[in-house]
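User: Please take a close look at one part of this model, the sheet you would start with, and describe how its strands are arranged. Then go on from there to whatever else can be said about the rest.

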Amino acid sequence: MHELSIVASIVDSVTESLESYPGARVEEVRLRVGALASVVVESLEFCWGIATDGTPLAGARLLVKTVPVVMHCAACDGDVELDGVQSFRCPRCNAPCSDLRQGRELEIEAIEIEEADQIEESTAVSKQNGVRR
Amino acid sequence: MTTRIVELRKGILKKNDELAAGLRSRYGAAGVLVLNLVSSPGTGKTAFLERTLRDLRTKGIRVAALVGDLETDNDARRLAASGAPVRQINTHGICHLDAEMIDRHLAGWEGVELAGLDYLFIENVGNLVCPSSYDLGERIRVALLSVTEGEDKPLKYPTLFNSADAAVITKMDIAEPCGFDRDLAVHNINEIRPGIRIFETSSKTGAGMEEWLAYLGEQRRALENNDSAPPAELVL
């Protein structure tokens, strides 16, 4: 439901990071989204094209890596990965777990960019070959 | 053609998280306990809050409320009848409150100083999905569930219930005609958030309010004593 706001935040954040790479074009944006992040990946993808249009991210691919929930099990004294989000019990010993260690991530892991001089070069080559990029 | 990978490792909601952290330290410095109430539309957040504000004010406790809604100020008017200062936040279609909205509405709130309050309640927009992503700097997040909604609500909305510090079951006065299975609801809440404090209440009859108010008192004292945020009481 709030995926459009999420994509708008991604656009702002990446645009800010691009200031260090003047003229660069974004090829791909890689996200890490926790299983408990309240974000529906399909909705993100649906909003992606619309929300990036007319921004420096236009045409960029979106790659989403889902991060599973990891809890600390006090009984086993170790971190355990949950299969889903329907039961917060240790998959090894079945004890209830309340200490969340991973699963709420909502972050931009990395971006793949093509830098300015490279764009000029490849544009020049394309022109020579008469190929429209 | 060569490309370059730039590692960013940036939180998408970093701006909200930073603002919320700022709010949290302001609340702490002012000594006000802030609670964020979240539920579906129609659970009875406003009725529960009305009752809470009234009961606390009767004891001479200083309370105020910020109330989020898509459009109307009906809830703010209802809550203001308790005599407590209440301010409406209209989100105009946005499905959740964020830290910036809270910051902005605290700023221009005539006659209300955080340091002059014991409790500040934030009634979020009725929605069980989006509010869970937005930290408002609250110390306690309360998830509410009514007996008319079905016992499996916590399983359907695990992200919200898992991020809550306390759960309130509302409308217990009509539990029986609704065929509400109380044990199953409590079991499901515990599956998603083991050890969470659960209050079974009725805003109409006042059932369960005493325990709820006692909990608020405990949490306020914990804040004064600078204890860390309330841990879920884990029963193994």
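Analyst: The part chosen here is an open sheet of 3 strands in chain A, in the order β4-β3-β5, with antiparallel pairing. The model is predicted. β4 (78-81) and β5 (99-102) of chain A each have a single partner strand and stand at the edges, so one side of each is left without a neighbour in the sheet. On average, and ignoring direction, neighbouring strands here are turned by 40 degrees against each other.

β3 of chain A, residues 70-73, is joined to β4(A) by 4 bridges, and the two run antiparallel. Two of the facing positions can be named. A:His72 stands opposite A:Asp79 of β4(A), and A:Cys73 stands opposite A:Gly78 of that strand. On its other partner, β3(A) is joined to β5(A) by 3 bridges, again antiparallel. There, A:Val70 stands opposite A:Gln102 in β5(A).

The side chains of β3(A) can be sorted by direction. A:Val70 and A:His72 point one way, A:Met71 and A:Cys73 point the other way, and all are buried. In β4(A), by contrast, there is a covered face, made of A:Gly78 and A:Val80, and an uncovered face, made of A:Asp79 and A:Glu81. The pair named above therefore joins two differently described residues: A:His72 is buried, while its opposite number A:Asp79 is on the uncovered face of β4(A).

The connections between the strands have their own backbone features. The hairpin of β3(A) and β4(A) has 4 residues between the strands, and A:Asp77 in this hairpin takes a positive phi near 55 degrees. The loop between β4 and β5 of chain A holds A:Asn94, which has a positive phi of about 70 degrees although it is not a glycine. Most residues other than glycine have a negative phi.

Elsewhere in chain A lies much of the largest nonpolar core. That core has 29 residues, and those touching the most other members are A:Ile6, A:Ile10, A:Val29, A:Leu31, A:Ile108 and A:Ile111. The elements giving two or more residues to this core are α1 (3-18), β1 (25-34), α2 (41-52) and β6 (106-114) of chain A, together with β1 (4-11) of chain B. The largest share, 6 residues, comes from α1(A). Leaving aside residues up to four places away in sequence, A:Ile10 touches A:Val29, A:Leu31, A:Trp48, A:Leu57, A:Ile108 and, from the other chain, B:Ile12.

Chain B has a sheet to set beside the one in chain A. Its 7 strands form an open sheet in the order β4-β3-β5-β2-β6-β7-β8, and the pairing is parallel. β4 (86-90) and β8 of chain B are at the edges with a single partner strand each, so each has one side without a neighbour in the sheet. Here the neighbouring strands are turned by 20 degrees against each other on average, direction ignored. One pairing within this sheet is that of β2 (residues 33-38) with β6 (residues 140-146) of chain B, which is parallel and runs over 4 bridges. In that pair, B:Leu37 stands opposite B:Val142 of β6(B).

Helices lie across this sheet. α7(B) lies across β6, β7 and β8 of chain B and runs at about 155 degrees to β8(B). α8(B) lies across β2, β5 (119-123), β6, β7 and β8 of chain B, at about 135 degrees to β2(B). Two further helices of this chain pack on one another: the axes of α1 (residues 14-30) and α4 (residues 99-107) of chain B come within 8 Å and cross at roughly 40 degrees. α1(B) and α4(B) are therefore oblique to each other. On the α1(B) side the residues that meet α4(B) are B:Asn16, B:Leu19, B:Ala20, B:Leu23, B:Arg26 and B:Tyr27, and they face B:Ala99, B:Glu100, B:Ile102, B:Asp103 and B:Leu106.

Two loops of chain B come into contact. B:Ser202 is in the loop between β8 (197-200) and α8 (209-224) of chain B. At 1% relative accessibility, B:Ser202 counts as buried. Its side chain makes a polar contact of 2.8 Å with the side chain of B:Asp173. Among the residues B:Ser202 touches are B:Lys171, B:Met172 and B:Ala207. B:Lys171 belongs to the loop between β7 (166-170) and α7 (182-192) of chain B. B:Lys171 counts as partly exposed, at 25% relative accessibility, and its phi is positive, near 60 degrees.

Technical notes. Residues are numbered from 1 along each chain as its sequence is written. Chains are lettered from A and ligands numbered from 1 in the order in which they are written. This is a predicted model: local features need pLDDT of at least 70, side-chain atom pairs count only at pLDDT 80 or more; totals for chains, interfaces and linings use all residues. Side-chain values use heavy atoms; hydrogens and water are left out. Two strands pair if DSSP finds at least two bridges between them. Axes are lines fitted to C-alpha atoms, for helices over the stretch in contact, and angles run from 0 to 180 degrees between N-to-C directions. Buried means under 20% relative accessible area, exposed over 50%, partly exposed in between (1.4 Å probe, protein chains only). A polar contact is a pair of N or O atoms within 3.5 Å; within protein, one must be able to donate a hydrogen and the other to accept it, and residues adjacent in sequence count only if both atoms are side-chain atoms. Contact means heavy atoms within 4.5 Å. A nonpolar core is a set of buried Ala, Val, Leu, Ile, Met, Phe, Trp, Tyr and Cys residues joined through side-chain atoms within 4.5 Å. Angles under 35 degrees count as roughly parallel, over 145 as roughly antiparallel, 65 to 115 as roughly perpendicular and the rest as oblique.
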